[in-house]
Amino acid sequence: MIFFQLIATVILLLSPLSCGLLSSATPKANWENVEFKRIVNVLKSYPHESLELVIKNIGSTPESHYYFTLPEKVFKKASIFSASLPDHNIYVDSSPDAESTVREDSEDIRYILVQFPFEVAPDQEIRLNINFMHNAGLKPYPEHIQLGTPQNLLLNTNKLPHSLYRTLKYNLEFVGGQGLSEVPTFQDSSSDGQLDGEVLKFGPILNIEPFTQSNVSVTYVREAPSVRVINLNRNIWISHWANTIQFDEYYEVTNDAAKLKDGFSRAEFMKGQYALKPGSYLIGFEMMLPEESTDHYYTDLVGMVSTYKIISNHMFLKPRYPLFGGWFYNFTIGWTNELSQFLHTDGAEQYIASIPILNGPLDTFYDHANISIYLPEGAEILDLKSTLPISNVNGSTEHSFFDLSSGHVKVTVEINNLVDNAQKAQLFIKYKYSKYMMYRKPINIAAYIFVALMSFFFLKQINFRIDP
Amino acid sequence: MKAEVHTALCWARVLFKTIIIISIFGAAISSRLFSVIRFESIIHEFDPWFNFRATKYLVSHSFYEFLNWFDDRTWYPLGRVTGGTLYPGLMTTSAVIWHGLRNIGLPVDIRNVCVLFAPAFAGFTALATYEFTREIKDANAGLLAAGFMAIVPGYISRSVAGSYDNEAIAITLLMLTFMFWIKAMKTGSILHSTFAALFYFYMVSAWGGYVFITNLIPLHVFILILMGRYHSRLYSAYTTWYTIGTIASMQIPFVGFLPIRSNDHMAALGVFGLVQLVGLGNYIKGNVSSKRFKVVLILSLVVIIVVGVSGLFAITFLGYIAPWTGRFYSLWDTNYAKIHIPIIASVSEHQPTAWPAFFFDNQFLIWLFPAGVFLLFLDLKDEHVFVITYSVLCSYFAGVMVRLMLTLTPIICVSAAYALSKLFDVYLDFSELWSTTGAADVLTPSDPQAAGTAEKRPPSKISANVSAAATSSSSSSSSRNGFLMVITKLLVSGTFLFYLWLFVYHCTWVTSTAYSSPSVVLPSRNPDGSPAVIDDFREAYYWLRMNTDEDAKIASWWDYGYQIGGMADRTTLVDNNTWNNTHIAIVGKAMATSQDKAYHLLRAHDVDYVLVIFGGVLGFSGDDLNKFLWMVRISEGIWPDEIKEREYFSAAGDYRMDASASSTMKNSLMYKLSYYRFPELFDGQQGFDRVRSQTITVDDIGTLDYFEEAFTSENWMVRIFKLKSPDHLGRNLHDVAKLNMEQSLGVKKRLVKKPVLDLRV
């Protein structure tokens, strides 16, 4: 029941793996973008694009399919794509379409099919909002800086909508960055962006033909690291005997910020007291843990890292060294919560666990995440659902401590391209774990110990003496 | 009724013994866990990191792959035939434990197996010591010895949790081998001597110190023969042990044919021959008259000695037998290593032992030890000869080399337990008191026995006391004498119980303060007084692991080779396996010469990064500058024309780093890398080195043109420098740096230099 309340918002997670559904022909251009307003928010380490469209059916038949286009490089790195109809206050289905169209003068285009729950009559207009984040086209500018100099980021993105449909009026705004400015490119040396306060505005541009291609590069100052988790392995162990749920997370992290020009000088770093100043280097992570977590640990491949602190449900981690641009680090953290915080039971030996998908730091992009749930030995998985559609689910077993028969039941969910917003999302797993299975375990262990002791006893009875 | 009481007492005895042994196990394990509790489950120091890495390799590969392991990540570019140059016993044991635990549903991490390996085996060592001492005296002495062995710092120093070294298992095997040897020697049991041989094989597979057993057992046999105590039991025990042990030990790749070729093993072979001859002689003696036998004996002795000694010389001369190794010579001549093989002398654990160390490591056992040996002399059974031989030999060795304290410790425990147990036998025996109050005139059965044994033996201070006490109590049953006796007994035993208590206290204190630091992590305090750790080594190693190319080659002094291999997972030029002195000298030379020469030398060895340890900020005295003279000496041994130790001292002949240091010193790469930008931490002009208490100015350090700083850890303990890539215009890196500096300083003057117009080939 909880699902239905929470899955009211269907958010689609894009994955390049899950493409390959629609026909190869270019879809019919039976819509017109009456208004196309695009706001690119660069406040975080990844751009957040929110699009407000007014579209009109110019065909002769009622239509419920709208094809949204994205450049391939953005499509591959796009995260949490959602489409909604603000007038009707509903989110709509939007599924990635495999077909990429290759055009001579530009990069590949990918379609995303937005399916309205109703048909739109010819000549009728409808408002459509689209939101997504991505991690494409962003790089430090210049790529190497000296310690202490502010970092500039350069965002290279499509200037025009790049749409399958004709656009009548187009506006583009960049917000959230400090000192936003346009960088002239080879093709387009004219800089027509106007700075209005903190907002860099383009347009309105009128009458854009379908697939018109034009890129724009924007720079802005960003005194914060661009944290990217290359790989996240999140293991969640559910124990009914201990009544605990244990989280164990392995992160492979890098900082996409500008690299150091002359290597890292500790003298300079200490002299400038940079550890206390904001900059493009990463001093520490702030993990958002569930309430009332206990038994925290923070390790990496060479052992314990002593520099962490728990303040209520925040875990502050300091890596072994500050993470400058292009540097890597990996670590494992873990904690334990009471199982009852996450588990609901319907009484009939059936349980539903609702597990947060992420507990990581804010302002972070995840390339790849593996979320594994370990159920007790002998549990039976009935269902797995998520507020984020999940692409790749694997079931297996793994032998852990005192698993003397089949081993813990393990479900692994693979997700590509996540952002910290996914912290709000949940993973629901419904499983059956009978009392019989629960008591079988200690009985098994006891039986083994008994057999061992008895065999020891009988072996001791054997007489090896040679002399009578 | 009486029989029932007797069986009940027997059961109680067994129960108590079991409880005591379990407690000893508990004490042995728990007192070694300080470092885990205080720090974490981590591998300590240097060599254990290699053992740990090898164990991980064994766990992830097959056993044969492990034996054939060629490690191309150390000793670049030579590589190391690791599988053939290590003692696999330790790794194999932990791999077996790891697999075994997995099979019973306990998938323990291999690191935890390795960390807790030594404490677990310490428990078994205590058990083996118990059995050993039981053979020497009785179970009471055994329990005391086991208790001593469990907590004595001399052994704990090498077996705390995390000190995953060969010694961790070797001492256990040493005691097991000796225990079975004593059993075999006493009974002539082939089963026991086979066990002794098998444990000897295990020992050979685990530690190079097996040579000690190889020589001690033959020595024991030899002395027994000299004492005229030859017996067929000895014959069967020794021949069985020697044949099985030798053949088995030759199965270890690293040992191979050494048992029949190296001089270290010749004594065992010689005694093996001798035993045959003595056996034969004994047989002849039984069949001919004693007069004729004397002639036969003298003749054959002369022949044997002449043939044996000249044969040994001949074979050694012809090269069939390997000459004595350097470590062997340094056992006899403490100055040998310093002159001939500086690399051996440079290891701190090869230094001679300081006298206080004996007390520190053994506390009151050290003075009970000679007493025990003396008491053994009074008894002088065959097995006592073994303990005496062991004590004498090892006392010498322990005085020569610090690390050999470890082999002395077990016998100190045994002898001390022997002495103490003898004492307690008499002074802790209050049965008399009980019998006088219970049944006034009945003598306790132990009384005449004690008196009798005491009188039989030659007089000694203690036994004289014993006999005095015993006779006085038995002759007159006056209450006054009884009272005095009780007072005496209470006083003596009370004193020794107090010593025992003090011993436990001392052991715990020593273990906690001296031997429980992982040395990878240093304890410190936060400004607010809360405990913190200084984790610079791991910080820097982890930086290397994460942020350098996987094939990057790291040049550092050999001390850190194993740690870099284990923690940073990068290729090193030299490591703690020190098998190639020249290669080590290359690194020493690079550190000792000027930066341009060092740069070319290191580049020729494909080095990407240079790592130095610098303690000047923190006051960490074990840093590279303090080891620098050894680098100089070792490289001087190879290149006496280029590196001269004298040039590194100041004009006054001091080893200084400040302005008075010699220019060779200031120009050496080690100096420059250590102090690079060090004054900036202070006022920018001069910095204060807290290890050497000297002031270093900017001018002393000069410029660093050929290397660039890649990383320095938080407390500056580890500094990593990258070799600059060659200039793309082919210029000298020194000139490039100078030009860049002038440009950045705004010097407009353009240097117009006459180009070198010689022909480039």
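How much of residues 442–459 of chain A is helix and how much is strand, and how far apart are the end C-alpha atoms? In this predicted model, the stretch is 100% helix and 0% strand, with its end C-alpha atoms 26 Å apart. The UniProt annotation "transmembrane region", which comes from an unreviewed entry, covers residues 442–459 of chain A.

Chain A also carries two assigned domains, domain 1 spanning residues 31–221 and domain 2 spanning residues 227–441. Taken over C-alpha atoms, the centres of domain 1 and domain 2 of chain A are separated by 32 Å, and the contact between them draws 20 residues from domain 1 of chain A and 25 residues from domain 2 of chain A. The size of an interface is often given as the accessible area lost when the parts come together. For domain 1 and domain 2 of chain A, the buried area is about 1,900 Å², with 55% of it on carbon and sulfur atoms.

The polar side of this domain interface can be followed residue by residue. Between domain 1 and domain 2 of chain A there are 12 residue pairs in polar contact, both residues being at pLDDT 80 or more, and the salt-bridge rule finds two salt bridges across the interface. D367(A) and K77(A) form a salt bridge in which the closest N and O atoms are 3.1 Å apart. On the side of domain 1 of chain A that touches domain 2 of chain A, at least two residues each are supplied by α2 (72–77), β4 (79–85) and β9 (144–145) of chain A. By class, the residues of that side of domain 1 of chain A divide into eight nonpolar, eight polar and four charged.

D367(A) also leads to another residue of chain A, R228(A), whose side chain makes a polar contact of 2.5 Å with the side chain of D367(A). R228(A) itself lies in strand β16 of chain A, which runs over residues 227–239. Leaving aside residues up to four places away in sequence, R228(A) touches N135(A), E252(A), V253(A), T254(A), D256(A), F365(A) and D367(A).

From the domains of chain A, the path turns to the interface with chain B. Here the contact takes 28 residues from chain B and 29 residues from chain A, and the two chains bury about 2,500 Å² between them, 56% of it on carbon and sulfur atoms. Within chain B, the residues that lose the most area to chain A are Y542(B), M546(B) and E680(B), which together account for 21% of what that side buries.

E680(B) also takes part in a salt bridge, its side chain meeting that of K271(A) with an N to O distance of 3.2 Å. In total, five salt bridges are counted between chain B and chain A, and 14 residue pairs are in polar contact across this interface, with both residues at pLDDT 80 or more. Two or more residues of the side of chain B that touches chain A come from each of α28 (536–547) and β8 (707–712) of chain B, and α28(B) gives the most, with seven residues. That side of chain B has 14 nonpolar, four polar and 10 charged residues.

Over all chains, the salt-bridge count comes to 48. One example within chain B is the pair E131(B) and R134(B), whose side chains meet in a salt bridge at 3.6 Å, N to O. E131(B) and R134(B) are separated by about one helical turn because they stand three residues apart in helix α7 of chain B, residues 117–136.

Notes:
Residues are numbered from 1 along each chain as its sequence is written. Chains are lettered from A and ligands numbered from 1 in the order in which they are written. This is a predicted model: local features need pLDDT of at least 70, side-chain atom pairs count only at pLDDT 80 or more; totals for chains, interfaces and linings use all residues. Side-chain values use heavy atoms; hydrogens and water are left out. Domain bounds come from an automatic or database domain assignment. Contact means heavy atoms within 4.5 Å. Buried area is the accessible area (1.4 Å probe) that two parts lose on being put together, summed over both. A salt bridge is a side-chain nitrogen of Lys or Arg within 4 Å of a carboxyl oxygen of Asp or Glu. A polar contact is a pair of N or O atoms within 3.5 Å; within protein, one must be able to donate a hydrogen and the other to accept it, and residues adjacent in sequence count only if both atoms are side-chain atoms. Helices (H or I, at least four residues) and strands (E, at least two) are DSSP runs, numbered from the N terminus. Ala, Val, Leu, Ile, Met, Phe, Trp, Tyr, Cys and Pro count as nonpolar, Asp, Glu, Lys and Arg as charged, and the others, Gly among them, as polar. UniProt positions are given in the numbering used here, feature names are shortened, and annotations may be inferred rather than shown by experiment.
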